[in-house]
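Student: Can we walk through this one together? I'd like to practise reading a structure piece by piece.

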Amino acid sequence: MIRILVWCGGDVTNYYQVNYKVEDQRVSTFLAPAALNDVFNFDVLVALIPSTLFTVNHAESYRKLLEAKSMYRGLRLVGVQCFDDGIVHKILDKGFRSYVVPHGGLSSPITLKIQGNEVAVDRGSQVFSSYDFNVTFNAVYAALRDCIRGLRDDNVELHIDLTHGSNVLITALMLASQIIAEVEELQAEKSLFLWCAPVLTRPQPSVAVEFLDVSKASNIARELITGAHAWRRIDERFLPTRLYEEVGCRLGREFKGVYGQVKSILREAEELLWTLRSGQAPLAYKLCKEICQGDEGDCNRINTARANLDSMIRSKYLVEGWLNTDEPWIPIADAAIELTDKLIKSLTSKGWDPINITTASLRKMLEAEYHDKVIAVAREYAIYLMLRKLCFKAMSKARIGEGAWQQLDEAIKQIHLAQRGQADTSLTALYQCMLKNLDINSHIIGEFDELRQMRNKLMHGGLSREFQADIELASGRILDINSNQDKKPIDKAEAERKAKEATELIKKLNTLKDLNFKTNI
């Protein structure tokens with residue numbers, strides 16, 4: 001395990017010693033990261049120095065400034081209060097890496113003038129640096145990346161101190177730390193820690209300032225941003241369900257009512273998203289109604305949970321007299337309610353009946369780029385819509401995949417073959433009659449059969465008759481039957497195009513003329 005501490009370097013000239021409380025230990029120093037190091041004894045120390053701090057030699061000047069302020073080996077700053085700070089001496093003895101990062105904004109860069117043991121601070125005239133924030137952000141991320149990758153050790157514990165530094169540098173460091181943690185797979189509260197000491201005035205000698213651990217809240221934000229994609233990308237695996245349950249275990253009884261309502265909605269949203277992601281769109285209508293449990297167009301459960309959360313927020317969080325300790329659960333609860341509500345509304349925008357919800361689900365899956373699932377479901381649902389057109393008055397139910405369903409499927413294939421002159425001519429009249437009764441043109445039949453072919457190609461991973469390929473028995477190579485060259489995979493753009501055609505086909509079949517045919521198969 002290699003433990004790293006990163007902090008923002010600043011002008012420590014006028015810093016005063018503070019009694020910091022870290023892990024129940026009291027440490028007196030003028031430099032917050034030095035207090036953390038005194039308790040955790042980090043293996044690697046890293047200072048990010050803004051380019052606006054010094055005029056020249058930033059890394060060397062920052063170290064010299066710390067040495068003089070802490071009276072290290074007899075050095076001292078001229079004209080300001082210095083402290084014989086042994087806690088800072090520890091990081092100076094250990095040594096730290098310095099990364100100079102571009103920093104925009106107004107500043108008065110420092111020049112150090114050293115004569116013997118005295119170090120004078122000369123502040124230059126004000127200058128404005130025109131670096132935009134993205135330059136700072138990129139540089140800070142690059143510094144974190146460099147110090148972690150340079151260790152050549154997968155077992156890293158990264159600590160970030162956000163106490164000192166400009167608002168620009170602190171913001172960049174906090175954002176960059178979340179991304180590098182994701183890239184390096186650093187888990188919050190296990191291998192990623194964010195600290196800040198809330199010093200809002202000059203503390204009295206008897207007062208101890210306790211470091212705040214920002215790790216939990218930052219992790220909530222990180223996972224929640226990822227989790228929001230669950231609803232948009234139709235993937236329940238991103239949902240913050242586990243995180244929410246862990247937070248809930250530490251909530252007091254006072255919060256359990258609202259928490260429990262949201263947890264139930266979150267669990268059912270997980271089931272709905274899984275249903276869509278796995279291609280079970282025709283079953284989504286049942287879950288939409290279960291989540292809402294209200295009249296069509298009115299989600300009683302979601303509305304009740306929202307109203308209760310609103311009431312709690314107004315009474316507990318938007319007034320003075322807050323709790324001293326809490327769990328960061330409000331953002332997750334709000335996201336679960338609002339994003340589930342938006343998903344339900346998008347699926348029921350055309351109506352709450354199974355057909356409209358299935359059609360909307362296919363569109364939602366298309367937006368999420370589940371092209372193979374859209375094609376597979378739409379192809380079979382098209383059979384249902386045709387069967388409904390033909391037989392809705394003659395029979396109340398049809399066994400999926402059997403009987404009338406199977407017969408219609410085969411008949412449509414024969415219609416397509418007849419159109420291409422490949423079917424038994426004696427059957428052509430029968431199929432043409434069926435085509436007339438269905439009120440479906442020949443183009444739709446062609447689309448339907450193309451979807452069948454694409455469905456088989458995708459569902460069988462290329463091991464399908466429709467793929468028109470040979471497999472070389474010795475090597476497993478998939479070869480085009482005409483060119484005998486390696487077969488290319490199905491292009492994503494082609495699959496997307498067919499998925500769009502599939503949803504259009506369902507739309508056409510769902511808007512046919514009045515259902516007035518009694519023909520049975």
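Student: What span, first C-alpha to last, does helix α5 reach?

Tutor: Keep in mind that we're looking at a predicted model. Helix α5 covers residues 167–183, which is 17 residues. At 1.5 Å a residue you'd expect 24 Å, and the helix comes close to that, reaching 25 Å.

Student: And which residue with a positive phi follows α5?

Tutor: Start inside the helix: its buried residues include L169, I170, A172 and L173. Step past the end of α5 and look for a phi near 60°. The residue there is E185.

Student: Let's do the sheet. Which strands are at the edges of the open sheet of three strands?

Tutor: The order is β3-β2-β13, with mixed pairing. An edge strand pairs on one side only. That gives β3 (25–29) and β13 (208–210).

Student: How many bridges join β2 to β3?

Tutor: Strand β2 is residues 18–22, and it runs antiparallel to β3. N19 stands opposite S28, and K21 has R26 as its bridge partner. In the hairpin of these two strands, E23 takes a positive phi near 50°. The number of bridges joining β2 to β3 is five.

Student: On to charges. Is K364 buried or exposed?

Tutor: K364 meets E367 in a salt bridge, 3.9 Å from N to O. The two are three residues apart in helix α12, so about one helical turn separates them. E367 is exposed at 54% relative accessible area. K364 has 18%, and since the cut-off is under 20%, K364 counts as buried.

Student: Which residue forms a salt bridge with D409?

Tutor: The closest N and O atoms of this pair are 2.8 Å apart, and both residues are buried. D409 lies in helix α14 and its partner in helix α13, so the pair ties together parts that are 30 residues apart in sequence. The partner is R379.

Student: What is the N to O distance between E496 and K500?

Tutor: They sit four residues apart in helix α17, so about one helical turn lies between them. E496 is partly exposed at 30%, and K500 is partly exposed at 43%. Their side chains meet in a salt bridge at 3.7 Å.

Student: Last one: what is the relative accessible area of L473?

Tutor: L473 is in the loop between β15 and β16. Together with L463 and I471, L473 makes a nonpolar surface patch of about 380 Å². L473 is exposed, with a relative accessible area of 83%.

Note on methods: Residues are numbered from 1 along each chain as its sequence is written. This is a predicted model: local features need pLDDT of at least 70, side-chain atom pairs count only at pLDDT 80 or more; totals for chains, interfaces and linings use all residues. Side-chain values use heavy atoms; hydrogens and water are left out. Patches are made of residues with over 30% relative accessible area and no salt bridge: like charges are joined within 9 Å, nonpolar side chains (Val, Leu, Ile, Met, Phe, Trp, Tyr) within 5 Å. Accessible areas come from the Shrake-Rupley method with a 1.4 Å probe; for residues, only the protein chains shown count as cover. A salt bridge is a side-chain nitrogen of Lys or Arg within 4 Å of a carboxyl oxygen of Asp or Glu. Buried means under 20% relative accessible area, exposed over 50%, partly exposed in between (1.4 Å probe, protein chains only). Two strands pair if DSSP finds at least two bridges between them. The expected span of a helix is 1.5 Å times one less than its number of residues.
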